[in-house]
Amino acid sequence: MTTVRGDRSHRPPDAGATPAHHPPSTSPQYRRRRRRTRLTALAFLAPLVVYLAAFYVYPLYRNLDLSLRDYTVRSFVAGDAPFSGLDNFRTVWESPTFGPALRHTMVFTLVSIVCQYTAGLALAVFFNRHFRLSCTLRALFLIPWLLPLIVSASTWAWMFNGESGVLNYALSLFGTGPVEWLNSPDWALTSVIIANIWIGIPFNLVILYSGLQNIPAELYEAASLDGAKAWQKFRSVTFPLLRPVSAITLLLGLVYTLKVFDLIWIMTKGGPGDSSSTLATWSYQLGFGTLMPKFGPGAAVGNILILIALAFGLLYIRVQRRQEA
């Protein structure tokens, strides 16, 4: 009786035989499908790349080129401005307007974001109680954010008008004399800060209110069982758990407020004198606000503002990555 030592299915293939199928990674079908996937991805990516190149990369390059050359109106049209290196930055640094503009930018930014955040947080906690008509009132608070900025700025300019403004009329009811809000060096910066705070509160309200929705109600119930009062709940539960959202809100508000231009320009044009001038308004004034524009120094001021905003933008990305980790 003969013993079968092996199964036919395990016999080695003949030497001259060729495999019936190509490996998946080298088959023509796989390569065609992979090439098609790459082309599709590039087709979807192309509009974004074109948009970024046209509206971000090229303007940044042109602004940098303007700040490193001695441009006049003629050379700006002809495109033959001589290279001047850092002379425009030196001119800006030595200008008597640079110090006040930088100081006003810092005051305008810091006071605005602190007041916007404080008011937005208070309103978010208030509306988080879900009382009757809370949705309607919350929607009404979004109006400053939804209005076109030119409308908001023009309305505030009318309210702050020294002769016919509603604020001076309200002060006259209490026996107080009129205040030149927009025409006085002592009040111009304060006026634009008040208007900017009003515009920015809804943004803080929306973001912080969304953050409050993610805090579990069980934590408040446990705090109530421990005998915690409303302020103790806020200090021990609400504020610590809202810290990541607060960091993002403050950083975004900081980057946005740094570049505010249209509000200040519509209300005061940076005046009277330089009393409400910021880096954003000064940059515009140098480049376009006179009959003899100074394109180089104006671009240099713009680049300084871009670097400041970029520094805070990188800080925002770092904070966001740390929170996601």
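Rings of Phe, Tyr and Trp, the last taken by its six-membered ring, count as a pair if their centres lie within 6.5 Å. In this predicted model, ring pairs of that kind link Trp 156, Phe 160, Trp 181, Trp 187 and Trp 198 into a cluster. The structure holds 18 aromatic pairs, and it also holds 4 salt bridges. The points below take up the aromatic rings, then the surface patches with their relation to helix 1, and then the salt bridges.

**Aromatic rings**

- A pair of aromatic rings is described by the distance of the centres and the angle of the planes.
- Among the 18 aromatic pairs of the structure is the one formed by Phe 126 and Phe 127, whose centres are 5.3 Å apart and whose planes stand at 65°. Planes over 60 degrees apart count as edge-to-face, so this pair of Phe 126 and Phe 127 is edge-to-face.
- The two partners differ in exposure, because Phe 126 is partly exposed with a relative accessible area of 37%, whereas Phe 127 is buried with a relative accessible area of 1%.
- Phe 234 and Phe 239 form a tilted pair, because their planes stand at 45° while the ring centres are 6.0 Å apart. Of these two residues, Phe 239 counts as partly exposed, at 35% relative accessibility.

**Surface patches and helix 1**

- Arg 31, Arg 32, Arg 33, Arg 34, Arg 35, Arg 36 and Arg 38 form a positive patch on the surface. One of these residues, Arg 36, is found in helix 1, which covers residues 28-67.
- A nonpolar patch on the surface is made up of Leu 39, Leu 42, Leu 45, Leu 48, Val 49, Tyr 51, Leu 52, Phe 55, Tyr 56 and Val 57, and together these residues have about 1,000 Å² of accessible area.
- Phe 55, one of the residues of the nonpolar patch, lies in helix 1. Its relative accessibility is 55%, and Phe 55 therefore counts as exposed.

**Salt bridges**

- Arg 90 and Asp 87 form a salt bridge in which the closest N and O atoms are 2.6 Å apart. Arg 90 and Asp 87 are separated by about one helical turn, because they are 3 residues apart in helix 3, which covers residues 87-94. Both ends of this bridge are partly exposed, with 44% relative accessibility for Arg 90 and a relative accessible area of 38% for Asp 87.
- Elsewhere, salt bridges that share partners join Arg 62, Asp 65 and Arg 69 into one network. Within this network, the side chains of Arg 69 and Asp 65 meet in a salt bridge with a distance of 2.8 Å from N to O.
- Arg 69 is partly exposed, with a relative accessible area of 26%, whereas its partner Asp 65 counts as buried, at 12% relative accessibility.
- Another salt bridge is formed by Arg 74 with Asp 80, and here the closest N and O atoms are 3.5 Å apart. In this bridge Arg 74 is exposed, with a relative accessible area of 54%, while Asp 80 counts as partly exposed, at 43% relative accessibility.

Terms used: Residues numbered from 1 in each chain as written. Predicted model: local features only at pLDDT ≥ 70, side-chain atom pairs only at ≥ 80, totals over all residues. Heavy atoms only, no water. Phe/Tyr/Trp six-rings, centres within 6.5 Å; stacked < 30°, edge-to-face > 60°. Buried < 20%, exposed > 50% of the residue type's maximum accessible area, 1.4 Å probe, protein only. Patch = residues over 30% accessible without salt bridge, like charges linked within 9 Å, V, L, I, M, F, W, Y side chains within 5 Å. Areas by Shrake-Rupley, 256 points an atom, 1.4 Å probe, with all protein chains shown as cover. Lys, Arg positive; Asp, Glu negative; His and termini not counted. Charge placed at Lys NZ, Arg CZ, Asp CG, Glu CD. Helix = DSSP H or I, 4+ residues; strand = E, 2+ residues; numbered from the N terminus.
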